[in-house]
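Visitor: Please choose one part of this model and take me through it closely. I would like to see how its pieces fit together, and what lies around it.

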Amino acid sequence: MTTVSHPVRPTVAAADFEALRRQDPAIADVLAGEQARQAGGLQLIAAENFTSPAVLAALGSPLANKYAEGYPGRRHHGGCEYADLAERIAVERATALFGSEHANVQPHSGSSAVLAAYAALLRPGDTVLAMGLPYGGHLTHGSPANFSGRWFAFVGYGVDAESGLIDYEQVAALARQHRPKAIVCGSISYPRHPDYAAFRAIADDVGAYLVADAAHPIGLVAGGAAPSPVPYADIVCATTHKVLRGPRGGMLLCGAALAERVDRAVFPFTQGGAQMHTIAAKAVAFGEASGPAFTAYAHQVVTNARVLARTLTAEGLTLTTGGTDTHLITADPAPLGVDGPTARGRLAAAGMVLDTCALPYGDQRGLRLGTAAVTTQGMGAAEMERIGTLFAAALRGDGDVRAEVAELAGRFPPYPSE
Ligand SMILES: *Cc1c(COP(=O)(O)O)cnc(C)c1O
């Protein structure tokens, strides 16, 4: 591997980084190379974002050394006075930000949060109704390769073949037919808002719990740019690292009546010691998300996605549901003569990083992209039009797109040096 001279700053103090480079040049090169990679192209993965230097500072703090099994005021380890403070602040900020009675900020990831939500509400073998994986359901929504598909009897709902929208009559009919113990709403690639009130009514009709897996849109909810599932769902599962722009991790929100069951489902049922450095970083992110700058950011993320969606449509791509209300776009590049995996490869060669995903029709794979990271970099509508044009040019193999992508990315560094 080549040595990268790009300095890792200001996310790691220069002196600390130089010490790391002397001790372990191989890993120092990895860190520097990754930072250069992130800054040198367009990060269009819908689930990614750039955390602030403050979040990274909390992540890189000595709280990483602390063992803290249990909850504030009732830990199995000594010396938890600062760990308790960090978690109390994180929980207070989360409940205030999302208007929920209770928050659990310990899940190590979004999947861990979903596992704990199921553990709080279900017994092995129970029936669960969730979006089918070919339509955008997550692995934790019943994949046979995941604990969810192994331990529960999942039934999948789909989308209308014409519109690409969730068919609520189908969801209601499946609920009446299968009498699930829980209904899950939420997806990895559905670019519209779930109708939480409709899901609540269907759940009430059959006496099911409603679990909202809001891993993707929770950051938009924090910024007031998407409807909140909190008033409707029994448990809301979320990540903290997608649009919400915090550290990699998960979170659960619920009412007071389920608080104790949710807490016990996280610890001791599915996890051990809390990751206190991550919880401190979650608190920092919740603090950031509470301010007016984040509200403006969340709305700009959606505006940018709409502009990018319009540009990609004008360039000839087909978008599922015909557009987006969120940060996320699901596109079929077939009209440009390329399939999803080929498109992803051409875009990567041009410096545009994104995922392939299932499309809700046929068995071709499409592309999933999002505007959370590029919006954090400060890009706006004009840049989205530029990205859409470069995107289509890369798919068609026109011109030297790589240089233009690098030039655009270079004007919006994710971590501007002082
Ligand atoms: C991202 C995501 C998850 C899982 O998050 P991880 O942190 O990767 O475990 C779960 N559900 C949905 C809908 C997601 O989008």
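Guide: Two strands count as paired if DSSP finds at least two bridges between them; the strands (E, at least two residues) and helices (H or I, at least four) are DSSP runs numbered from the N terminus. With that in hand, let us look at β14 and β15, which run antiparallel and are joined by four bridges.

This is a predicted model, in which local features need pLDDT of at least 70, side-chain atom pairs count only at pLDDT 80 or more, and totals for chains, interfaces and linings use all residues. Residues are numbered from 1 along each chain as its sequence is written, and side-chain values use heavy atoms, with hydrogens and water left out. The pLDDT (the predictor's confidence in each residue, from 0 to 100) averages 95 for the protein, and 97% of the residues score at least 70.

Back to our pair. T356 sits opposite L367 of β15. Six residues lie between the strands of this hairpin, and G362 there adopts a positive phi near 60 degrees.

The hairpin belongs to an open, antiparallel sheet of four strands, ordered β11-β12-β15-β14. The edge strands are β11 (318–319) and β14 (355–358); each has a single partner, so one side of each lacks a neighbour in the sheet. At the β11 end, two bridges pair that strand antiparallel with β12 (residues 328–332), and T318 faces D332 of β12. Packed on the sheet is helix α13 (residues 340–349), which touches β14 and β15 (365–370) and makes an angle of about 40 degrees with the direction of β15. Touching here means contact, with heavy atoms within 4.5 Å; the angle, on a scale from 0 to 180 degrees, is between N-to-C directions of lines fitted to C-alpha atoms, for helices over the stretch in contact.

Now step back to the surroundings. An automatic or database assignment sets the domain bounds, dividing the protein into domain 1 (62–289) and domain 2 (292–411). Their contact takes 25 residues from domain 1 and 24 from domain 2. Together they bury about 2,000 Å², 60% of it on carbon and sulfur atoms; this is the accessible area (1.4 Å probe) lost on being put together, summed over both parts. On the domain 1 side, P191, R192 and R245 lose the most area to domain 2, together 30% of what that side buries.

One salt bridge crosses this interface, by a rule that asks for a Lys or Arg side-chain nitrogen within 4 Å of an Asp or Glu carboxyl oxygen. D325 and R192 form a salt bridge, with their closest N and O atoms 3.0 Å apart.

Note on methods. Buried area is the accessible area (1.4 Å probe) that two parts lose on being put together, summed over both.
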